[in-house]
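The following exercises concern the strands of a protein model. Each task is followed by a solution in steps.

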Amino acid sequence: MYEPVIEARGLSKDFGQGAVLDGLDLTVAQGSFYGLLGRNGAGKTTLLRLLMGLQTPNAGEALILGKTIITAGESHRARVAYVSQNQTLHPQLSAEELAEYVAHFYPKWDAAYAHRLAGRLEVPWTQRWSELSGGQQRKVGLLLALAARPEVLLLDEPAAGLDPVARRELLEELIDLLLEGDGCTVLFSTHILSDLERPADTIGVLAEGRMLLSQPTEVLQSQARRVQAVFPGDVPDDLMLAGAWRSHRDGRVYQAILGLESDDQLAPLRKAGATVDVFPMDLEELFIELVGKRSLSTDQV
Amino acid sequence: MSWNVHLRVDPGSGVPVYRQLMNQIRYYVSSGAIATGDQLPSIRDLARGLGVNPTTVVKAYSELENEGFLDRQQGRGVFIADQARTQSSADFDRALRDSARQLVVEATQLGIDVERVVNLVRLEYQRAGKDATRDRGHQHV
């Protein structure tokens, strides 16, 4: 039976100041590199923490490899690795000692790989964790997660605090991970869009406690478009465009952000005699249009 | 000869990355920069080099293989197929037919005649040509 590797159903979490997650549904397929995008405070960290069982939801369920991680056994948990945003490791231990310690929890721990990673990511191997820079500390956490050879890897803003060279090295390591036999499934949260445009095969946008969009990257790249139509007179009141995620009208000008699957979607514009321009959008534009405008309109309510 | 020309991808161009890779490989074959029997980079090397998901490279290679453009040899690697050169021009036509159709639809709706459309295309060509020569100057290693 087909089962998604990561699944959230109707997931809600409220810390007492309004819902952070509000009936969120998410599915991540096996072997996928899923890029979770959202603004700061959108709830990305909360989602990952709920998936890892570090917090309990007010409603709904969060499953990894078909089970709630908190009630699953130790062997199940060892198939999953997680790097949190502000991970604190034992300050007195070196990367080498931390690796030795962590190895006990992961049956598939790969000591040789940990060593190679330390070289490739330029992680000081014998220096105490507390003496490392922020970026180096971050890399130790990533190294420990990768060397556990997990089937599922959850990364919360993993590239934050890394310089461009280190980001690139991390990306290359993740690409290698995707190429390996069983096909690790990666869920990667970030607010930095360029981290995802190339490696992610699926991109999800988290806003207002839900997945606003969750699509194969390829579909977003080939279909996300900005459409501008200038009408001879005012934009018709009853104008509706199929597939529009957002639209805006101002006098004679109508603009929409949409998933353009077929030219037929633009027929209502052309029938009304509008001059139509279609522009490709990169993820950043799409994200700003989807998330930025939405929060603006909410503020105005 | 193993293959070492430059490939690049622009995730924001509105064209899926695997298609960009397919088009660039076709371009290199039709321009003669690479020829039958040349070896392409491994999936891993190309994915790492471009920072893209390996499945993107797999998809580009598989589609080109299905078209008879590439030849995957078990354990040896991926090579430009024998018939690639003769195929490339037909493939180019096919790759652009949808865009051409779209252009014609929009042009007729806007009442632009074919001469003006051709002129517009020519202008775009000149502009792209300038960029392309600048880019390609250092690509053949």
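Two strands are taken to pair if DSSP finds at least two bridges between them. The model used here is predicted.

**Exercise 1.** Determine the strand order of the open sheet of 3 strands in chain B, and state which strands lie at its edges.

*Solution.*
1. The order of this sheet in chain B is 1-3-2, and its pairing is antiparallel.
2. Strand 1 (39-40) and strand 2 (70-73) of chain B each pair on one side only, and they are the edge strands.
3. Strand 1 of chain B is joined to strand 3 (residues 77-80) of chain B by 2 bridges, in the antiparallel sense. Because at least two bridges are required, these strands count as a pair.
4. Within strand 3 of chain B, Val78(B) is the bridge partner of Leu40(B).

**Exercise 2.** Identify the strands of chain A that are joined to strand 7 of chain A by 5 bridges, and give a residue partner for each.

*Solution.*
1. Strand 3 (residues 33-37) of chain A runs parallel to strand 7 of chain A, with 5 bridges between them. Here Gly35(A) has Phe188(A) as its bridge partner.
2. Strand 6 (residues 152-156) of chain A is also parallel to strand 7 of chain A and joined to it by 5 bridges. In this pairing Leu187(A) stands opposite Leu154(A).

**Exercise 3.** Are the residues of strand 7 of chain A buried or exposed, and which way do they point?

*Solution.*
1. A residue is buried when its relative accessible area is under 20%.
2. In strand 7 (residues 185-190) of chain A, 6 of 6 residues are buried.
3. Thr185(A), Leu187(A) and Ser189(A) point one way, while Val186(A), Phe188(A) and Thr190(A) point the other way.

Definitions and conventions. Residues numbered from 1 in each chain as written. Chains lettered and ligands numbered in written order. Predicted model: local features only at pLDDT ≥ 70, side-chain atom pairs only at ≥ 80, totals over all residues. Heavy atoms only, no water. Helix = DSSP H or I, 4+ residues; strand = E, 2+ residues; numbered from the N terminus. Buried < 20%, exposed > 50% of the residue type's maximum accessible area, 1.4 Å probe, protein only.
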